[in-house]
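The following exercises concern the architecture of one protein and the surroundings of selected residues. Each task is followed by a worked solution.

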Amino acid sequence: MDWRKLFTTLDGRISRQPFWIGGLILLGVNIVAGVLFGRGFLGAVVGLALLYPGLCVAVKRWHDRGKSGLWVLIGFIPVIGWIWTLVECGFLPGTSGSNEYGSDPMETSTGIA
């Protein structure tokens, strides 16, 4: 798995597996930072630093679904937006074959296209 591409670029597509792995890694780092630094300045800095990698993972997953990365904004709708994002990105398969965002990640061994 190309970790650098997963967490640092907004282009391309990822399948469900890298989406879940990336999300769980970011959640784990956030929890560890919260335990170590609490709600202080360093905890806030770590939280802000994790926003971009989280955005990269989410945008690529929306791309795999054949939708614009702007769909990440649906997460700002309380409850319904979170459920929608969870179902759409976490459980539904991506579009088969190439789409406007890249080749099918299921055709590669890493799940990242």
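**Exercise 1. Determine the secondary structure content of this predicted model and the order of its elements.**

Solution. Begin by counting the elements: the protein contains five helices and zero strands. Next, read them from the N terminus on; the order is α-α-α-α-α.

**Exercise 2. Decide whether the radius of gyration agrees or disagrees with that of a compact globule.**

Solution. First, establish the expected value: for 113 residues, a compact globule would have a radius of gyration near 13 Å. Then compare it with the value for the protein, 14 Å, which agrees. The box filled by the C-alpha atoms, taken along the principal axes, is roughly 45 × 30 × 20 Å. Finally, consider the contacts between residues at least 6 apart in sequence: 68% of them join residues at least 24 apart.

**Exercise 3. Describe the surface and the charges of the protein.**

Solution. Start with the accessible surface, which comes to about 6,800 Å². Carbon and sulfur atoms account for 72% of this surface. Then count the charged side chains: 9 are positive and 7 are negative. The centres of these two sets lie 8 Å apart.

**Exercise 4. Identify the residues of the largest nonpolar core and the helices that each supply at least two of them.**

Solution. Of the 113 residues in the protein, 32% are buried. The largest nonpolar core has 11 residues: Leu6, Phe7, Ile14, Phe19, Leu26, Leu50, Val57, Trp62, Ile74, Cys89 and Ile112. At least two residues of this core come from each of helix H1 (3-8), helix H2 (16-37) and helix H4 (51-64). As an example, take Leu6 and set aside its neighbours within four places in sequence. Its contacts then include the core members Ile14, Val57 and Ile112. Leu6 also contacts Met1, Pro18, Gly22, Cys56 and Lys60.

**Exercise 5. Classify Arg61 and Glu88 as buried or exposed, and find what they touch.**

Solution. A residue counts as buried when its relative accessible area is under 20%. Arg61, in helix H4, has a relative accessibility of 0% and therefore counts as buried. Glu88, in helix H5, has a relative accessible area of 7%, so Glu88 is buried.

Now examine the contacts, leaving out residues up to four places away in sequence. Arg61 touches Ile14, Ser15, Arg16, Phe19, Glu88, Cys89, Leu92, Pro93 and Gly94. Glu88 is in contact with Arg61, Trp62, Arg65 and Lys67. Although Glu88 and Trp62 are 26 residues apart along the chain, their C-alpha atoms are separated by 8.2 Å.

**Exercise 6. State what is notable about the phi angle of Val79, and where this residue lies.**

Solution. Recall the general rule: most residues other than glycine have a negative phi. Val79 is not a glycine, yet its phi is positive, about 60 degrees. Val79 is located in the loop between H4 and helix H5 (80-90). Its relative accessibility is 48%, so Val79 counts as partly exposed.

**Exercise 7. Locate Gly38 and classify its accessibility.**

Solution. Gly38 lies in the loop that runs between H2 and helix H3 (41-49). The partly exposed class extends from the buried limit of 20% to the exposed limit of 50%. With a relative accessible area of 33%, Gly38 is therefore partly exposed. Beyond residues up to four places away in sequence, Gly38 touches Ala33 and Gly43.

Definitions and conventions: Residues are numbered from 1 along each chain as its sequence is written. This is a predicted model: local features need pLDDT of at least 70, side-chain atom pairs count only at pLDDT 80 or more; totals for chains, interfaces and linings use all residues. Side-chain values use heavy atoms; hydrogens and water are left out. Helices (H or I, at least four residues) and strands (E, at least two) are DSSP runs, numbered from the N terminus. The radius of gyration is taken over C-alpha atoms; the globule rule is 2.2 Å times the number of residues to the power 0.38. Buried means under 20% relative accessible area, exposed over 50%, partly exposed in between (1.4 Å probe, protein chains only). Contact means heavy atoms within 4.5 Å. Accessible areas come from the Shrake-Rupley method with a 1.4 Å probe; for residues, only the protein chains shown count as cover. Lys and Arg count as positive and Asp and Glu as negative; His and the chain ends are not counted. The place of a charge is taken as NZ of Lys, CZ of Arg, CG of Asp or CD of Glu. A nonpolar core is a set of buried Ala, Val, Leu, Ile, Met, Phe, Trp, Tyr and Cys residues joined through side-chain atoms within 4.5 Å.
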